[in-house]
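Open the model in a viewer with cartoon and side chains available. The stops below go from the sheet to the cores.

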Amino acid sequence: MEEDVVEIPGEVTQRLRVAEMVAVMTGAGVSAESGVPTFRGDGGLWKNQRPEQLATPQAFEKDPDLVWEWYHWRRGLIRESSPNAAHHSLVQIERNTPQFTLITQNVDGLHLTAGSKTVLEIHGNINRARCSSCSHRVPLSDETGVLTCGQCGALMRPDVVWFGESLDHGTLEASHSASGSADFFLVAGTSSVVQPAASLAYAAKEKGGYVLEVNLDPTPLTGTADVTLLGKAGEVLTALVEKTWDG
Ligand code: OAD
């Protein structure tokens, strides 16, 4: 029999097994094993530009061609990717839990592709465009260049949240509600530096939730999380599901 790559403490599996309400926060690290680049660290740069320079309303106003080019490039990578073991494990956790909400900062849609049901895409979805004037939304496939609205002719933009913009009110409310009532809060593959997403784990902990972090490296959340498991999300979450429900 093969030895487990990742050691999962018994306390973690016990807490997860008895949890009535599980909330999960995911970030780019969960899609890394699908070949989707993360924002910070290696591979986060595109044409020597940082995401913070491109994912802003100001960048779009100044150079919509450049911003659309970046999003089309990212959509191309995502189109060629498929969910990995981390996404599939989260589907398993949802199936085994009475109440479950998956909050994701990822805009790649891979959680929905994998089969997760209750998903809050708090930063939007890259596979949609939204009119910058009338808010008309359209699904995207293999478009290129700058897009204009079929309804009013104004410039379309990716239907994602940019730096300096507010999150959708209803989605944020639902995220707060899920975090506040979670007895088990799993944070996976996020640097935990972008607000308000990063604050949800602290809110869960304050309300008495047990916080498990999964990441390649320690993050600012590590000192607060009950347990941090260092490793690849795909491997750690697979081991977590196996240990919790199969053994
Ligand atoms: P980041 O790129 O900031 O962080 C990715 C995290 O995943 C890092 O902490 C890595 O250590 C970790 N990581 C990488 N590969 C991993 C793996 N295979 N398994 C586990 N962990 C891994 O991405 P986010 O935290 O998602 O916002 O970034 C948050 C937001 O900043 C994004 O949603 C985006 C970005 O700018 C907007 O676009 C509004």
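Two strands count as paired if DSSP finds at least two bridges between them. The model is predicted.

Start with strand β8, residues 210-215, and add β9: four bridges join the two, which run parallel. Within this pair, select asparagine 215; its bridge partner in β9 is leucine 230.

Now widen the selection to the sheet. It is open and consists of six strands in the order β3-β2-β1-β7-β8-β9, with parallel pairing. At the edges are β3 (119-121) and β9 (227-230), each of which pairs on one side only. Ignoring direction, neighbouring strands of this sheet are turned by 15° against each other on average.

Next, select helix α9, residues 199-206, which packs on the sheet. The strands touched by α9 are β1 (21-26), β2 (99-104), β7 (184-188) and β8. The direction of α9 makes about 160° with that of β7.

Then show side chains for the largest nonpolar core, which has 28 residues. Which of them touch the most other members? Select Ile93, Phe184, Leu186 and Leu212. Two or more residues each come from α1 (10-18), β1, α6 (85-95), β2, β7, β8, β9 and α10 (233-246). Of these, α10 gives the most, with six residues.

Centre on phenylalanine 184. Leaving out residues up to four places away in sequence, Phe184 touches Val12, Arg15, Leu16, Ala19, Met21, Val22, Ala23, Tyr210 and Leu212.

Last stop: another core, of 22 residues, lies apart from the largest one. To find this second core, select Tyr71, Ala129, Leu147 and Val160, which are among its members.

Notes. Residues numbered from 1 in each chain as written. Predicted model: local features only at pLDDT ≥ 70, side-chain atom pairs only at ≥ 80, totals over all residues. Heavy atoms only, no water. Axes fitted to C-alpha atoms, helices over the stretch in contact; angles between N-to-C directions. Contact = heavy atoms within 4.5 Å. Core = buried A, V, L, I, M, F, W, Y, C linked by side-chain atoms within 4.5 Å. Buried < 20%, exposed > 50% of the residue type's maximum accessible area, 1.4 Å probe, protein only.
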